[in-house]
Amino acid sequence: EHGEELPRANVQIRWDGPERMDAFGKKTGDGDERLRVGAVKVFVDGGFTGPSAYTIDSYRSEPGFRGSLALPEEELRMTIQQAHQMGWQMGFHAIGDAAIQLTVDYFVEALEASPRENHRHYLNHFTVRPPPEVMELMGEHNILITQQPNFTYTLEGRYVEYLEEEHAAYNNPLRSPMDHDVFVALSSDILPIGPMVGIYAAVTRKGESGTVYAPGERLTMEEAVRGYTRNGAYITFEEDIKGTLEPGKLADMIVLSDDLLTIDPERILDIVIEKTIVGGRVVFER
């Protein structure tokens with residue numbers, strides 16, 4: 001019965017070669033509404049804790065340096081083909097625009113060689129906005145994104161330091177991929193902060209300093225809330241049981257101190273959680 005107090009988890013599985021994955025004996029979707037097997041995960045490049053994302057243009061901070069791939073191109077290509085053939089959903093960490101471009105090309109190659117309806121392959125992070133034709137390919141082949149708008153706020157200093165101005169401005173783009181028919185879900189990643197920071201950054205495009213980055217990338221409040229709820233459930237093939245408040249779905253919800261739809265965006269960061277309800281049970285009350 002202690003399980004009822006645990007959060008629900010859809011767990012990404014690190015790719016470990018076809019033999020080990022076969023021996024694991026489970027695939028994306030296996031499990032139940034408490035603990036489920038999610039997408040297979042591969043790190044295509046590094047990130048911005050240090051400048052290690054793989055980029056098309058060199059870093060402003062280190063001319064001639066473009067970061068690096070976390071694995072050789074041919075290994076990445078083989079991994080994508082194998083995981084796709086085995087029926088896995090893929091959710092790959094790709095932060096730099098060069099890493100994004102390469103991963104998309106290999107995803108497209110695998111999908112064209114072996115078409116699969118409703119594969120829901122996605123890129124996680126999508127920090128440095130790639131050229132428009134890359135987003136067009138993603139839209140055509142239903143390659144999705146899980147994006148973390150909170151990075152715009154918390155990693156602002158690193159983007160400004162490492163990236164040329166244009167790339168820094170368009171960090172973690174939201175609107176432009178959607179304009180190319182790319183499905184965008186929102187999440188908070190590993191930072192010790194809740195989704196309010198992400199919602200704030202998604203609707204204001206403000207960094208911690210108050211600077212606005214590419215205001216054209218802003219989302220409406222409805223889009224931001226949907227990104228954090230319904231769209232997340234879609235990424236994990238669970239939209240029939242969660243992500244919206246409807247009869248018959250899991251009664252997982254929070255009660256906020258203010259109405260997100262009417263609040264002045266500058267006050268979003270002051271909102272507190274009054275109640276957390278999981279499966280219809282109150283598990284936290286302020």
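**Exercise 1. Which residue stands opposite H125 in β4?**

Solution. A94 stands opposite H125. The model is predicted, so local features need pLDDT of at least 70, side-chain atom pairs count only at pLDDT 80 or more, and totals for chains, interfaces and linings use all residues. Residues are numbered from 1 along each chain as its sequence is written, and side-chain values use heavy atoms, without hydrogens and water.

Next, take the strands, which are DSSP E runs of at least two residues, numbered from the N terminus. Strand β3 (residues 91–94) and strand β4 (residues 122–125) run parallel, joined by four bridges. Pairing requires at least two DSSP bridges between two strands.

**Exercise 2. Find the residues that cover each face of β3.**

Solution. In a regular strand, side chains alternate between the two faces of the sheet. On one side of β3 sit G91 and H93; on the other, F92 and A94. These four are buried, meaning under 20% relative accessible area (1.4 Å probe, protein chains only); exposed is over 50%, and partly exposed lies in between.

**Exercise 3. Locate the salt bridge partners of R175 and D16.**

Solution. A salt bridge puts a side-chain nitrogen of Lys or Arg within 4 Å of a carboxyl oxygen of Asp or Glu. R175 bridges to E223, with the closest N and O atoms 2.6 Å apart. R175 lies in helix α8 (residues 175–179) and E223 in helix α10 (residues 221–228), 48 residues apart. Helices are DSSP H or I runs of at least four residues. Both R175 and E223 are buried.

Now D16. Its side chain meets R20 at 3.1 Å, N to O. D16 is partly exposed because its relative accessibility is 40%. R20, at 56%, counts as exposed.
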